[in-house]
Structures are given as C-alpha cells and as structure tokens.
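Below is a walk through one protein structure, starting from a single residue and moving out to the whole chain. Keep the sequence and the coordinates in view while reading.

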Amino acid sequence: MTVELLSALSLVAVLEGLFLFAAPGRWRRTMEQLRQLDDHQLRKIGGVVLVVGVVSLWLVRVL
C-alpha cells in the first residue's frame with residue numbers, strides 16, 4: 001500500500017509540474033480566479049473533484 005500511495009503522490013507532482021512547465025501564464029490566471037472565489041464555492045469544487053477522483057480510482061481498480 002505504501003508503494004501505491006507514494007506512486008500516486010509522485011504522479012500528482014508530475015502532473016502539477018507539467019501544468020506549470022507547459023502553461024505557466026494560464027496556470028497563474030487560473031489561480032488568480034480561484035483566489036476570488038469564496039470558501040463555499042471552493043468547497044463545492046473540491047467536493048466535485050474528490051468525488052470524480054474516488055469514482056475514477058474505483059473504476060480503475062475494478063475494471
């Protein structure tokens with residue numbers, strides 16, 4: 001389980017680095033837009049991303 005968790009975290013770091021490397025201006029604009037949202041809106045977005053991630057993980061593990 002530890003290897004899988006570290007692999008997943010490493011993949012997240014690779015994807016984050018890819019976004020910053022490939023489109024730093026777009027990333028910066030997106031972060032500025034996120035800063036303008038209130039906590040409730042950010043929680044909704046976080047919840048949706050969380051559910052999509054869990055469902056995706058479940059599908060990958062089951063199929």
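Thr30 has a relative accessibility of 32%, and because buried means under 20% and exposed means over 50%, Thr30 counts as partly exposed. The model is a predicted one, and the accessibility is a value computed from it. Thr30 sits in helix α2, which covers residues 24–35. From Thr30 to Gly46 there are 16 residues in sequence, and the C-alpha atoms of the two lie 15 Å apart in space.

What secondary structure surrounds this residue along the chain, in helices and strands? The protein has 3 helices and 0 strands. In sequence order the pattern reads α-α-α.

The overall dimensions come next. For 63 residues, a compact globule would have a radius of gyration near 11 Å, whereas this protein has 15 Å. Along the principal axes, the C-alpha atoms fill a box of roughly 35 × 30 × 20 Å.

Burial can be read for the whole chain with the cut-off already applied to Thr30. Of the 63 residues, 0% count as buried; that is, 0% fall in the class defined by a relative accessible area under 20%. The exposed area of the protein is about 6,000 Å², and carbon and sulfur atoms supply 70% of that area.

The charged side chains can be described in a similar way. There are 7 positive and 5 negative side chains in the protein. The centre of the positive set and the centre of the negative set lie 5 Å apart.

Where is the largest pocket, and which residues line it? Its lining consists of Ala8, Leu11, Val12, Leu15, Val49, Leu50, Gly53 and Val54. The elements that give two or more residues to this lining are α1, residues 2–22, and α3, residues 39–62. The space in the largest pocket comes to about 270 Å³.

Technical notes:
Residues are numbered from 1 along each chain as its sequence is written. This is a predicted model: local features need pLDDT of at least 70, side-chain atom pairs count only at pLDDT 80 or more; totals for chains, interfaces and linings use all residues. Side-chain values use heavy atoms; hydrogens and water are left out. Helices (H or I, at least four residues) and strands (E, at least two) are DSSP runs, numbered from the N terminus. The radius of gyration is taken over C-alpha atoms; the globule rule is 2.2 Å times the number of residues to the power 0.38. Buried means under 20% relative accessible area, exposed over 50%, partly exposed in between (1.4 Å probe, protein chains only). Accessible areas come from the Shrake-Rupley method with a 1.4 Å probe; for residues, only the protein chains shown count as cover. Lys and Arg count as positive and Asp and Glu as negative; His and the chain ends are not counted. The place of a charge is taken as NZ of Lys, CZ of Arg, CG of Asp or CD of Glu. On a 1 Å grid over the protein atoms alone, a cavity is a set of points where a 1.4 Å probe fits but cannot get out, and a pocket is an open set with protein on both sides within 12 Å along at least five of seven lines; lining residues have an atom within 4 Å of a point. Grid points are joined across faces, edges and corners, and a volume is the space filled by probe spheres set on the points.
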